[in-house]
Amino acid sequence: MRITKYTHACVRLEHEGRVLVIDPGIWSEPAALSGADAVLVTHEHADHVDVLRLAGLGVPVHAPAGAHLPRLEVTGVDVDTEFSAAGFRVRAVGGRHAPVHGDLPDCVNLGYIVYTVDETLYHPGDSLHVPQQPVETLAVPAQASWMRTAEAIDFVRAVGPRRAFAMHDGQINERGLHSVNGWLTEETDNGYRYLAPGESL
């Protein structure tokens, strides 16, 4: 499976001629959706879903059941559901967005584990939910208003992937990104690396 990271939380998966895109938000490049066969959306926030772009794309969009996504036709997905998207086997895990602050309301958020014969990738969206099943590749949130770097480190350690790469980094400047990458590299033993937008594993 070819895994390409795009700006912020967008990840493109390619396998045997099929293309599945996760969380193409308003900051991600249009190229991420070129030739897409299906899209997975973890939750309703604009940095994870560009509703207008997806509405005109004409491919199946899977999103959490109950997500507020006006003008976008989606297939609703529930937690712990297994389904097929663009020929990939997918399992939805988690359920809620990480708390941001105090009693501010959260929203539904699903992480997606995507399987091929020789690879599993986990994209948690805006949560640090640790799935029960092992995963080989983890897309780890690098920065958010709802998390600290220590939480990202603990998340990687708890999931225990063979390799990990940063996502959710669109609001962090170069100095901050250097710091976060340094911490994740030094404090995890899971093949962590940074992928610039457009780079692939």
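Two strands pair if DSSP finds at least two bridges between them. I kept that criterion in hand while reading this structure, which is a predicted model.

**Entry 1. The sheet of six strands**

I looked up strand 5 (residues 61–64) and found that three bridges join it to strand 6, the two strands running parallel. Within this pair, I noted Pro64 opposite Val77 of strand 6. I then followed the whole sheet: it is open, has six strands in the order 1-2-3-4-5-6, and its pairing is mixed. Strand 1 (2–5) and strand 6 (75–77) are the edge strands; each has a single partner, so one side of each is left without a neighbour in the sheet. From one strand to the next, I recorded an average twist of 25°.

**Entry 2. The sheet of seven strands**

I traced a further open sheet, this one of seven strands, with the order 7-8-9-10-11-12-13 and mixed pairing. Its edges are strand 7 and strand 13 (192–193), and because each has a single partner strand, one side of each lacks a neighbour in the sheet. I counted four bridges between strand 7 and strand 8 (residues 88–96), which run antiparallel. One bridge pair that I checked places Ser84 with Arg89 of strand 8. The two strands form a hairpin with two residues between them, and in the turn I noted Ala86 with a positive phi of about 55°.

**Entry 3. Phe83 and its strand**

I next asked which side chains of strand 7 point to one face and are buried. They are Phe83 and Ala85, whereas Glu82 and Ser84 point to the other face and are not buried. Phe83 itself lies in strand 7 (residues 82–85). I entered Phe83 as buried because its relative accessible area is 15%, and buried means under 20%. Leaving aside neighbours within four places in sequence, I listed its contacts as Leu40, His62, Val77, Phe88, Arg89, Val90 and Tyr112. For His62, which is 21 residues from Phe83 along the chain, I recorded a C-alpha separation of 9.7 Å.

**Entry 4. His43**

I located His43 in the loop between strand 4 (38–40) and helix 1 (51–55). Is His43 buried or exposed? I entered it as buried, because its relative accessibility is 0%. I found two side-chain partners for it: a polar contact of 2.9 Å with the side chain of Asn109, and one of 3.2 Å with the side chain of Asp126. Neighbours within four places in sequence set aside, I listed His48, Val49, Pro64, His97, Cys107, Val108, Asn109 and Asp126 as the residues in contact with His43. Pro64 had already appeared in my first entry, opposite Val77.

**Entry 5. Helix 2 and its surroundings**

I examined the packing of helix 2 (residues 149–159) with helix 3 (residues 174–187) and noted an angle of about 35°, with the axes 10 Å apart. The crossing of helix 2 past helix 3 is right-handed. Helix 2 contributes Thr149, Ala152, Ile153, Val156 and Arg157 to the contact, and helix 3 contributes Val180, Trp183, Leu184 and Glu187. I sorted these residues into six nonpolar, one polar and two charged. Finally, I asked which strands helix 2 lies across. I found strand 10 (119–123), strand 11 (137–141) and strand 12 (163–167), with helix 2 running at about 160° to strand 11.

Technical notes. Residues are numbered from 1 along each chain as its sequence is written. This is a predicted model: local features need pLDDT of at least 70, side-chain atom pairs count only at pLDDT 80 or more; totals for chains, interfaces and linings use all residues. Side-chain values use heavy atoms; hydrogens and water are left out. Buried means under 20% relative accessible area, exposed over 50%, partly exposed in between (1.4 Å probe, protein chains only). Contact means heavy atoms within 4.5 Å. Axes are lines fitted to C-alpha atoms, for helices over the stretch in contact, and angles run from 0 to 180 degrees between N-to-C directions. A crossing is left-handed if the near helix is turned anticlockwise from the far one by less than a right angle, and right-handed if clockwise. Ala, Val, Leu, Ile, Met, Phe, Trp, Tyr, Cys and Pro count as nonpolar, Asp, Glu, Lys and Arg as charged, and the others, Gly among them, as polar. A polar contact is a pair of N or O atoms within 3.5 Å; within protein, one must be able to donate a hydrogen and the other to accept it, and residues adjacent in sequence count only if both atoms are side-chain atoms.
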